Amino acid sequence: AGSTGMRKIAILGSTGSIGESTLSVLEHAEGLGEANFNVVALTANKNVKRLAEQARQFKPEFIAVADETLANDLKSAVSDLDIETGAGAAAVEEAASRDTDWVMAAIVGAAGLKPTLKAAERGADIALANKECLVCAGEVVMAVIKKAGGALLPVDSEHNAIFQVFDFNQPERVSRLILTASGGPFRTWPLEEMAQATPAQAVAHPNWSMGAKISVDSATMMNKGLELIEAAHIFPVEHEKIEILVHPQSVIHSMVEYVDGSVLAQLGTPDMRTPIATTLAWPDRTPSPSPRLDLAEVAKLTFEPPDIKRFPALRLTREAINAGGIMPAALNAANEVAVASFLERKIKFLDIAAITEQVLDRTGRQNGPASLSTLEEVIDADTQGRRMAEEFVAAKAAA
Ligand code: NAD
Ligand code: MG
């Protein structure tokens, strides 16, 4: 994977929030004559209309939808263009396998795992937004990337911040990683009100505009828990040295503390186009259309400790990473099922963490492998976690 000259690009999940922001950065760079990027492949789940529009603008050689039943719709939507199309999970993996230097992994959930691995196996640089794939398969993903020799470029704003200030030559001189959290839309809500929170209230994030699943994860603060596990895989630092700090303004995106007491931070406006641009040009820089930070206007930066009582997801993720083995994959699977069920109004907001805890309790009583070193083991753990969560959702819904 090279970083100079024309970079060939694939975007997995191009119709989502991160996918669209990635295309916005590319468009901006192109408009300035700043960079030579060549979009080779784009993928979506079901949104044929938007995928076809993107194809018209960026002229990739291949586009794919995950939903097989949309094969003909996609073909006819671009029949006047010279573009290959595909449908189904295998087609999304094919998009990841096409010859590119850089792949944006921006599919939501464990569904992004196999395509991300396909891209990693051939040594492409991986811009990783899809945190769930590190949570459920961190060992597997990191081993594949290391073996094939591509770079892992974290897109998640916290990890991107740490990546920019982390001294990879002296990781033993790092004493702490401080992950900042906005606290989400319910940061100041009492538990009784959170119990009644609706999907619309949960997805209304105060600072960031994001897909539905990560927005709910921010509301439960499961997002920060998933990010703790993500950070422990990306950076050579024990998870005990990773802390969470609530910072409602989302200006400081995270920090690294060194043994001499120095704390290095990366700051910016809450706009994902900045971290995306960082991964796109790395180790160079490319302009991004994100608004500039005006600290005089922000005026005040505040901080508070996280409240584990109101946000039990933070405790659950610590327990899962401490236990290791199948627990993080079970946690992720349970949370995905519970969040989807909440969005479908089958369960209440506080049930999301409650169901995740039930799945962890039951999983912890089984004898799983001590670490998940194969894709098969990951898929087993994921499937099992989902099945248990569905059962607990059904029980809640019937109650
Ligand atoms: P989103 O829901 O807006 O977009 C998800 C994308 O994945 C869409 O293109 C969708 O078509 C595709 N997709 C969904 N299910 C799929 C499936 N089963 N198979 C193939 N494709 C599928 O989500 P998003 O907010 O862009 O988030 C994407 C990932 O990035 C998530 O893992 C999220 O946690 C992470 N992330 C997002 C942000 C953000 O600001 N949005 C910030 C940090 C990390
Ligand atoms: Mg984040």
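Strand 2 and strand 3 (residues 62-65) pair in the parallel sense, with 4 bridges between them. The model is predicted. One register point is explicit: Ala44 has Val65 of strand 3 as its bridge partner. The connection from strand 2 to strand 3 runs through helix 2 (residues 48-58), and this β-α-β crossover is right-handed.

Strand 2 also pairs with strand 1 (residues 7-12). That pairing is parallel too and spans 6 bridges. Here Lys8 is matched with Asn38 of strand 2. Strand 2 (residues 37-44) is mostly covered, with 7 of its 8 residues buried. In a regular strand, side chains alternate between the two faces of the sheet.

A UniProt record, an unreviewed entry, lists residues 152-235 as "domain: 1-deoxy-D-xylulose 5-phosphate reductoisomerase C-terminal". In the model, the chain over residues 152-235 is 48% helix and 13% strand. The C-alpha atoms at the two ends of this segment lie 11 Å apart.

Helix 15 covers residues 327-343. Its length was checked against the expected rise. At 1.5 Å a residue, its 17 residues should span 24 Å. The end C-alpha atoms are 24 Å apart, so the model agrees with the expected span. Burial was examined next. Of the 17 residues of helix 15, 15 are buried, where burial requires 20 or more other C-beta atoms within 10 Å. Helix 15 is therefore largely enclosed by the rest of the structure. Just after helix 15, the backbone of Arg345 adopts a positive phi of about 65 degrees.

Terms used
Residues numbered from 1 in each chain as written. Chains lettered and ligands numbered in written order. Predicted model: local features only at pLDDT ≥ 70, side-chain atom pairs only at ≥ 80, totals over all residues. Expected span 1.5 Å × (residues − 1). Buried ≥ 20, exposed ≤ 12 C-beta atoms within 10 Å, placed from the backbone. UniProt positions renumbered as here; feature names shortened; annotations may be inferred. Pairing = 2+ DSSP bridges. Right-handed = clockwise from strand over helix to strand, strands pointing away.
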